[in-house]
Amino acid sequence: MVEKAYILDNGAYTAKVEHSTAKEPKIIPNCIMKAKSERRRLFIADQVEECRDASGLFYLLPFQKGLLMNWDIQKTVWDYIFGNDCCPSNFSETPVILTEPYFNFCSIQEAMAEIFFEEYECQSLLRIPAGDLSEYHYRSENRSTQCCLIIDCGYSFTHIAPYIRGKKQKNAIKRIEVGGKLLTNHLKEIISYRQLHVMEETYVMNQVKEDTCFVSMDVMADMAKCKKKYPENDIVRDYILPDFTNLRRGYVHTFDKPPVVEQQKLRMNNERFSVPEVIFHPSDIGINQMGLSEAVKLSIQQCPEDARSELYKNIVVTGGSALFPGFKERLYKDVRADAPDEFDVNITLPENPVTYAWKGGKLISKDPEFYTFVVTKEEYEEEGPNICMERFDS
């Protein structure tokens, strides 16, 4: 058993990072940001908190379409994360658990191994998809369970991955090209068309999305409600925008309170639920793909027949978009309508779906067989990148 491991859940939007001895990970933006107000300075990861005016922030992202493409940016962020100001590491003594996307390219995997073994001089490394860690976490808490279906609502994509006896069924993994990034961009477009030009305000509009959006249980009824005026329309809200002088983060203002004077605001009406609705119906904005519940049904149908009832019973939702109010209830309603009548449907939404995979890494580091999963520096130097391919992808 390992005394402690260094766990880096390297997401496209945030990195969840800490030693396995910590109770919770640090959640750090996985990007570099440039601000209009401070042109000479780059803000790396959580240094954005030091930015005096976060309007018009420009993002430099290491991930493009869910894959790690810009190594210079990623290396800069990693150097900062592993440094003394963030989450200091001692890789010569501590094994590293590093997450990657499903179906990652071999060239990216090789580059990751090279950086950790040769530049960071890592003692031992486990490269693993975040969904595998979520599955390990769920199975650790539900010992009698043989199968589960992990839904990962990430930044670039939403993945649906079935697992049977700890093994992912690669042929049945489905991907919907809708993630948190697309939802924020869609909200920016709607608001820019209807109210105020916000196409450069990714940072602020992401906060608007997080603070105001919810998943509707009945879209047509809520749309009809949005055509009415307050108080018949109980959906409409004003979002008070930050001015970065007195107010650093915006907030929701309800109509039963006195109006806020001289503060710029957005009127949020049907946008509150029509934006998250894209996860359930991507065709609403012209994406020719199935929605979430259809993808769940198809994924389970492509698994062995004797595993299907247990997969429906053990659906686990992770990722940032799972935090929308009403997400779990709506997913249950849609999956229940699509599933065969004889199957029970049960959906688990963890207390924090963002850190669920990281906590799976914490549990796997305590596995008595942990050292059979990793590749050591000696093995890497002897056998090269092929040993990583053999051990991690088997």
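Which loop holds Phe 103? Phe 103 sits in the stretch that links strand S9 (96–100) to helix H2 (106–119). Keep in mind that this is a predicted model. The protein is assigned three pieces, namely domain 1 (6–30 + 64–130 + 354–392), domain 2 (134–178 + 289–348) and domain 3 (180–277). Most of what follows is about how domain 2 meets domain 3, with a few backbone and ring details after that.

**Where domain 2 meets domain 3**

- Going by C-alpha centres, domain 2 and domain 3 are 30 Å apart.
- On the domain 2 side, 12 residues make contact, and they touch 13 residues of domain 3.
- Together the two domains bury about 1100 Å², and carbon and sulfur atoms account for 64% of that.
- Three residues stand out on the domain 2 side: Tyr 155, Phe 324 and Arg 330 provide 54% of the area this domain buries against domain 3, more than any other three residues.

**Charged and polar links at that interface**

- The rule picks up 1 salt bridge across the interface of domain 2 and domain 3.
- Glu 277 and Arg 330 form a salt bridge, with their closest N and O atoms 2.8 Å apart.
- Arg 330 is also one of the three residues named above for buried area.
- Polar contacts across the same interface come to 7 residue pairs, counting pairs with both residues at pLDDT 80 or more.
- Sorted by type, the domain 2 residues that touch domain 3 are 5 nonpolar, 3 polar and 4 charged.

**Aromatic rings**

- The structure has 17 aromatic pairs.
- One of them joins Tyr 13 and Tyr 155: the rings are stacked, 5.0 Å from centre to centre, with 20 degrees between the planes.
- Tyr 13 is in the loop between strand S1 (6–10) and strand S2 (14–19), while Tyr 155 is in the loop between strand S11 (147–153) and strand S12 (158–164), so this pair ties together parts that lie 142 residues apart in sequence.
- Tyr 155 turns up twice in this briefing, since it also belongs to the trio listed for buried area against domain 3.

**Backbone details to look at**

- Phe 103 isn't a glycine, yet its phi is positive, at about 55 degrees.
- Going from Tyr 230 to Pro 231, the peptide bond is cis, and omega is near 10 degrees.
- You'll find Pro 231 in the loop between helix H6 (219–226) and strand S15 (237–240).

Key. Residues numbered from 1 in each chain as written. Predicted model: local features only at pLDDT ≥ 70, side-chain atom pairs only at ≥ 80, totals over all residues. Heavy atoms only, no water. Domains from an automatic or database assignment. Contact = heavy atoms within 4.5 Å. Buried area = accessible area lost by both parts, 1.4 Å probe. Salt bridge = Lys/Arg side-chain N within 4 Å of Asp/Glu carboxyl O. Polar contact = N/O pair within 3.5 Å; in protein donor to acceptor, adjacent residues only side chain to side chain. Nonpolar A, V, L, I, M, F, W, Y, C, P; charged D, E, K, R; others polar. Phe/Tyr/Trp six-rings, centres within 6.5 Å; stacked < 30°, edge-to-face > 60°. Helix = DSSP H or I, 4+ residues; strand = E, 2+ residues; numbered from the N terminus.
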